[in-house]
Amino acid sequence: MEDLEAENIVAAPAGWTSLYLFQDAIVESGPTYCAEAMNGVDYAVETNNAESVMAVHYAGDYGGDAAAGASIAAEANGIDFANVETTAGTDNQASAVAAIVEQQPDVVVVSTGPADMATIVGQSVAAGYTGKFLGSSPTWNVALLQSPAAPALQASYQLLGPWAPFDSDTPGHEAMRAAAEESGSTPNEFFLAGWAWSYPLKAALEAAAENGDLTREGLYSAASGLSSVDYEGILPEGSGDYADGGDSAAVRVTQLSSPDPEASTGISVTEEDLAGSTAEGYEFTEPCYEAIDL
């Protein structure tokens, strides 16, 4: 970050930590892991009458951010919260699985990689866990539908996504699919993510060109001065406000999807535009994982 800022380099990140809300060189897209988890917990309480939530997560600005969001939402809803930190590797999930099976929380927010998530879900369900899993955005990969965990995933897992999946019907998705087909790319959520991340860079270039200053400094100034970005429906209107501080930049809407063998990327939306009261009312003044003591 110090190098980016010193050299006036604008970066579009492949991630959703709430840290990015407070870094001028970064043009982030979509809700943070923190806001996603807030919306997931609110949904579980409102829809399934959840009375307890557990966060199972990697350490750091990915897993810690999601766990912080789950903790904030659990407190806001007056339900029990448990925190379980795990390390990467499918052979390292026994302790997390044991905690889930022993404590039987109503909902588990998982913030790991796809293989570790599938291990946690599959082994927990096999050992008698009967609750639901909500996975942070990086937990899904279509290949999981060909894994031994597929039946457990279809029964117990849903994805908290920053935007609707590959097959969805927006002008941005349609343009993305056309570009993917033209490039010879097979349908995948990573192509969609890369497409979405390009919108603020395009908007910053257009603004810098309009200002008549396409130097690094000019682009940096244009990017940090954007008050909105047109994502062609992939993200809500008003997204991409980098000019007014972290709280204004924070997107608070999440798409909830479920495994779907008929979908191009194995996932399809089941609940559109989740925007729970916790995320809507939360003021982002610092990264969530730094604000909350887990």
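The exercises below, with worked solutions, concern a predicted model of one chain.

**Exercise 1.** Determine how the overall dimensions of the chain relate to the globule rule.

Solution. Begin with the secondary structure: the chain holds 12 helices and 7 strands. Next, take the radius of gyration, which is 19 Å and close to the 19 Å given by the globule rule for 294 residues, so the chain is as compact as a globular protein of that length. Then add the extent of the C-alpha trace, which spans about 65 × 45 × 35 Å along its principal axes. Finally, consider burial: 54% of the 294 residues are buried, where buried means under 20% relative accessible area.

**Exercise 2.** Find where Asn-49 lies and classify its exposure.

Solution. First, locate the residue: Asn-49 is in the loop that runs between helix H2 (33-48) and strand S1 (52-57). Second, check the backbone: its phi is positive, about 55°, although Asn-49 is not a glycine. Third, apply the cut-off: exposed means over 50% relative accessible area, and Asn-49 counts as exposed because its relative accessibility is 59%.

**Exercise 3.** Carry out the analysis for Gln-104.

Solution. Gln-104 is placed in the loop between helix H4 (94-103) and strand S3 (107-111). Its phi is positive, about 50°, and Gln-104 is not a glycine. With a relative accessible area of 31%, Gln-104 is partly exposed.

**Exercise 4.** Identify the residues that gather with Glu-5 in a patch of negative charge.

Solution. The patch lies on the surface and consists of Glu-2, Asp-3, Glu-5 and Asp-24. Of these, Glu-5 belongs to helix H1 (residues 2-6). Glu-5 is partly exposed, at a relative accessible area of 38%.

Definitions and conventions:
Residues numbered from 1 in each chain as written. Predicted model: local features only at pLDDT ≥ 70, side-chain atom pairs only at ≥ 80, totals over all residues. Heavy atoms only, no water. Patch = residues over 30% accessible without salt bridge, like charges linked within 9 Å, V, L, I, M, F, W, Y side chains within 5 Å. Areas by Shrake-Rupley, 256 points an atom, 1.4 Å probe, with all protein chains shown as cover. Salt bridge = Lys/Arg side-chain N within 4 Å of Asp/Glu carboxyl O. Lys, Arg positive; Asp, Glu negative; His and termini not counted. Charge placed at Lys NZ, Arg CZ, Asp CG, Glu CD. Helix = DSSP H or I, 4+ residues; strand = E, 2+ residues; numbered from the N terminus. Buried < 20%, exposed > 50% of the residue type's maximum accessible area, 1.4 Å probe, protein only. Rg over C-alpha atoms; globule rule 2.2 N^0.38 Å.
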